[in-house]
Amino acid sequence: MSAPQAQVQRSDFDQVMVPNYSPAAFIPVRGQGSRVWDQSGRELIDFAGGIAVNSLGHAHPALVEALTEQANKIWHVSNVFTNEPALRLAKKLIDATFAERVFFANSGAEANEAALKLARRYAHDVYGPEKYEIISMVNSFHGRTLFTVNVGGQAKYSDGFGPKVEGITHIPFNDLDALKAAISARTCAVIIEPVQGESGVLPADQAYLEGVRKLCDENNALLIFDEVQSGFGRTGYLYAYQHYGVNPDILSSAKSLGGGFPIGAMLTTAKIAEHLVVGTHGTTYGGNPLACAVSGAAFDVINTPEVLAGVKAKHERFKARLEKIGAEYGIFTQVRGLGLLIGAVLSDAWKGKAKDVLNAAEKEAVMVLQAGPDVVRFAPSLVIADADIDEGLDRFERAVASLTRG
Ligand SMILES: Cc1ncc(COP(=O)(O)O)c(C=O)c1O
């Protein structure tokens, strides 16, 4: 029997936690599928998915089984040893993608950190020390380590932390001429989110990604796709690059990859991977057996024609209803995104007020996200039941109605 637990409440947060977050007023304590219950027993519908993480909702039986089975076997061995779940998961990812080698980490930022370090190391080894420049997109988001906030295209995340990492250029997204002007023999990598997530759920244009691939090849620069948010079934493809038919050289994955268990991965080719020789990079927990067992089980559910087709169908269901709500209440001008990564763009009258929409939604017992101040974001479970979508959107419509009617 475990010891009795102390009573805690939301107000404790301000007393015991570093104040870098401002969580909602309620504390979720239990989840099942796309429903969540808080401390008071109030039930909410979850369209937030833990910020595009809970790819199979809460307490999915396949993930619970994989986790408990692994928990009874072995939890952690470090990188001094390999382990079965990590090798199995790496094989699955390789079989299903462009990749031939995998590096496991614990988060999206860490997967990107590995990707960026590998790109610089590869260029250093193959072309010499002058080739270290990284081109990244304005408004992009790649994580919160010092390197990844500097590569990310949002000054609010990188200012005020001392000297910037050198050799990073930011150019506008979806603008091939800007890349043509910026790329050179000194460029070691171009990093792109195929769907910009945090800054507004903005998909890349088809011709743009094709053009980026060509420019990278012409300049011997590696193309890194950050699929931390767009990956692992989120767009109705295992990875969004498969929707575009444009292969990267390096891909980072996290969020949905673990279905709620922390894990990140960097995928690449054998030729590039060989430059991360023993000792060049590492992390104690990377490839943790618990994380890899859960992720492997999530892969088996998600990477099936039924689930991936379901994601595309559920996109249409969301989009049609959100467009209707947008028109009826004059709140959205556009509903965009791929699969179950959906952004509803606020109309001029509501610009800057995404947080107000979130708060109104929470009052009606539906959890949604924002993607910047002007976009309401939906990133639910990839297997959310249609009935939950409909009921959640009924609740969401009530929230919009009460907000717009003041
Ligand atoms: C595209 C993208 N890259 C990287 C990250 C960072 O991932 P993590 O928070 O797991 O470090 C995020 C998180 O929102 C993301 O959306």
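Let's start at K255, where UniProt, in an unreviewed entry, places the feature "modified residue: N6-(pyridoxal phosphate)lysine". Keep in mind that what you're looking at is a predicted model.

To find K255, go to the loop that runs between β11 (250–253) and β12 (264–268). Is the residue buried or exposed there? Neither, quite: its relative accessibility is 21%, and buried means under 20%, so K255 counts as partly exposed.

Now look at what surrounds this lysine. Setting aside neighbours within four places in sequence, K255 is in contact with I51, A52, V53, V228, Q229 and I263. I51 also offers a polar partner: its backbone oxygen sits 3.1 Å from a polar atom of the K255 side chain.

From here, move over to the ligand. There are 13 residues around it, and the ones that come nearest are G108, A109, D226, Q229 and K255. So what does the lysine side chain do here in terms of distance? One of its N or O atoms is 3.1 Å from an oxygen atom of the ligand. Backbone atoms join in too: a polar backbone atom of A109 is 2.8 Å from a ligand oxygen, and a backbone N or O atom of F141 lies 3.4 Å from a ligand nitrogen. As for cover, on its own the ligand has 390 Å² of accessible area, and the protein covers 82% of that.

Which helix gives the most to this shell? That's α5 (residues 108–127), with 3 residues. Sorted by class, the shell around the ligand has 6 polar, 4 charged and 3 nonpolar residues.

Technical notes. Residues are numbered from 1 along each chain as its sequence is written. This is a predicted model: local features need pLDDT of at least 70, side-chain atom pairs count only at pLDDT 80 or more; totals for chains, interfaces and linings use all residues. Side-chain values use heavy atoms; hydrogens and water are left out. UniProt positions are given in the numbering used here, feature names are shortened, and annotations may be inferred rather than shown by experiment. Helices (H or I, at least four residues) and strands (E, at least two) are DSSP runs, numbered from the N terminus. Buried means under 20% relative accessible area, exposed over 50%, partly exposed in between (1.4 Å probe, protein chains only). Contact means heavy atoms within 4.5 Å. A polar contact is a pair of N or O atoms within 3.5 Å; within protein, one must be able to donate a hydrogen and the other to accept it, and residues adjacent in sequence count only if both atoms are side-chain atoms. A residue is near a molecule or strand if one of its heavy atoms lies within 4 Å of it. Accessible areas come from the Shrake-Rupley method with a 1.4 Å probe; for residues, only the protein chains shown count as cover. Ala, Val, Leu, Ile, Met, Phe, Trp, Tyr, Cys and Pro count as nonpolar, Asp, Glu, Lys and Arg as charged, and the others, Gly among them, as polar.
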